[in-house]
Amino acid sequence: MPCIQKKERAERQKYIEENRRDIDPFDGVTDPVEIILLHHVRRSPEPLVKYLPFKGELEEVYKTLSEFDEARLIDFSIKKAEKGELEYIENICLELTAFREPNFSKLHKYMLREKIYYPSMLFRNASKEVGKELILRLGLEPDNINLLLLSLAWIENDDVLKEFASWKIKLPDWSTQLYIHPSDYSKEAGWITSANEEKQTLYFDKCLPILSNKPNESVKNIGSLTESDSRCEWCGQRLTNLLEIDISNNVFDFLGFKGSKVKLATCEVCSCYSNGLFIDFDTSGNVAWSRYNKKPEYLPDDSDERERLPKKCLEVSSSFRSPYYAANEFLPTTFSQIGGMPAWIQDFVYPDCPECTGTMKFIAQISNDEIEKYREGMYYVHICSSCMIASTSYQQT
Ligand SMILES: [Zn+2]
Ligand SMILES: [Zn+2]
């Protein structure tokens with residue numbers, strides 16, 4: 001019997017392969033709204049049909065939308081949510097706020113009415129009233145506190161800043177069941193405040209993508225993934241410069257360095273096993289193992305046999321993009337970048353500088369699957385510009 005079944009299965013597979021036809025749902029479609037909707041539409045699987053994916057870049061389609069198109073997409077997402085299909089808010093509206101500066105007042109009204117607080121980034125640029133309402137709800141919706149705080153972080157106006165600062169002085173009653181301090185939730189949107197309301201942004205508001213396919217215009221004299229002369233003091237292997245940044249090029253003025261070169265180096269292997277691997281750097285291209293590194297309890301003993309990352313395969317584009325472009329791991333874009341906001345695969349982690357204890361600033365991320373197919377995970381680099389220390393951490397699903 002099993003033999004017959006196996007034969008039948010093979011015959012069926014052969015029939016499918018011979019009779020399957022390709023359908024390009026985007027063929028002849030020019031309306032950008034239509035393209036975005038077609039990209040996100042749920043199709044039930046049909047064995048004899050293969051739907052071809054969109055051939056262009058979805059992020060480029062978003063750039064061509066008019067305000068009217070934007071409103072059509074928001075209305076569509078709300079209508080679907082009213083029927084219980086929340087995924088259109090979760091993907092189309094998220095893409096709108098990552099790639100554009102949309103007017104979400106109608107969406108916020110709907111989300112507040114239905115108590116929808118996810119994805120939190122949708123609250124970026126929300127009005128003062130929306131902020132006030134979310135603050136009020138902290139005391140009223142104990143089950144939603146986590147999501148309310150994450151959403152509030154994105155609103156980032158003076159009222160919200162005051163509120164987050166006040167929790168540093170007095171812990172609110174509703175905060176007892178949280179795992180982290182309520183004021184630390186602001187890191188979700190890349191900022192922190194002191195008790196006297198001094199705000200510090202934890203990312204650079206300019207962002208240059210680092211691409212694996214040669215960008216049309218790339219920045220000269222940038223090295224990505226080059227071998228360093230320094231060695232890892234844990235495994236003995238050579239460090240890798242995730243980036244060598246020519247800071248004399250004024251495209252990098254936004255980083256605030258003065259000098260010739262900054263190298264962001266790490267151990268490709270050991271940084272994946274430590275909470276943050278620290279490297280001292282200067283603005284003349286020197287790097288050195290930091291005295292603050294604490295050896296993790298577990299490190300693999302085969303570092304010398306592991307396949308190293310391919311070198312020099314990424315290039316920095318010279319076209320800036322919005323800092324929010326890759327701020328969520330589910331966005332249809334590329335993730336390797338200098339500046340901008342990080343895309344956390346797990347929870348946000350901004351390391352503390354081991355020297356001055358200040359929170360370190362995110363400077364770059366390199367996505368492994370953009371270096372080479374079938375790799376995964378992301379390297380994150382943070383810096384303290386006062387102490388000239390860089391920290392590399394790594395996350396994967
Ligand atoms: Zn190492
Ligand atoms: Zn420091």
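1. F330 sits in the loop that runs between β11 (315–316) and β12 (337–340). The model is predicted. F330 has a relative accessible area of 62%, so it counts as exposed, the cut-off being over 50%.

2. F330 has partners on the surface. Together with Y118 and L147 it forms a nonpolar patch. The accessible area of the three together is about 320 Å².

3. The zinc ion (ligand 1) has four sulfur donors: SG of C232, C235, C267 and C270. Distances run from 2.3 to 2.4 Å. The donor atoms subtend angles of 105 to 115 degrees, which makes the arrangement tetrahedral. Along the chain the donor spacing is C-x2-C-x31-C-x2-C.

4. Within this site, C235 and C270 link distant parts of the chain, 35 residues apart. C235 is in the loop between β6 (223–231) and β7 (238–246). C270 is in the loop between β8 (261–266) and β9 (277–281). Their cover can be stated too. C235 is partly exposed at 21% relative accessibility, whereas C270 is buried at 1%.

5. The zinc ion (ligand 2) is coordinated through SG of C353, C356, C384 and C387, at 2.3 Å. Angles among the four donor atoms are 108 to 111 degrees, and the site is tetrahedral. The donor residues follow C-x2-C-x27-C-x2-C in sequence.

6. Here C353 and C384 join distant parts of the chain, 31 residues apart. C353 belongs to the loop between β12 and β13 (361–367). C384 belongs to strand β14 (residues 378–384). C353 has 2% relative accessibility and C384 has 9%. Buried means under 20%, so C353 and C384 count as buried.

Conventions:
Residues are numbered from 1 along each chain as its sequence is written. Chains are lettered from A and ligands numbered from 1 in the order in which they are written. This is a predicted model: local features need pLDDT of at least 70, side-chain atom pairs count only at pLDDT 80 or more; totals for chains, interfaces and linings use all residues. Side-chain values use heavy atoms; hydrogens and water are left out. Patches are made of residues with over 30% relative accessible area and no salt bridge: like charges are joined within 9 Å, nonpolar side chains (Val, Leu, Ile, Met, Phe, Trp, Tyr) within 5 Å. Accessible areas come from the Shrake-Rupley method with a 1.4 Å probe; for residues, only the protein chains shown count as cover. A salt bridge is a side-chain nitrogen of Lys or Arg within 4 Å of a carboxyl oxygen of Asp or Glu. Helices (H or I, at least four residues) and strands (E, at least two) are DSSP runs, numbered from the N terminus. Buried means under 20% relative accessible area, exposed over 50%, partly exposed in between (1.4 Å probe, protein chains only). Donors are N, O and S atoms within 2.8 Å of the metal (3.2 Å for Na, K and Ca); water is not among the atoms, so sites may look incomplete. Four donors count as tetrahedral if all angles lie between 85 and 135 degrees; four count as square planar and six as octahedral if opposite donors are over 155 degrees apart and all others between 65 and 115; anything else is irregular.
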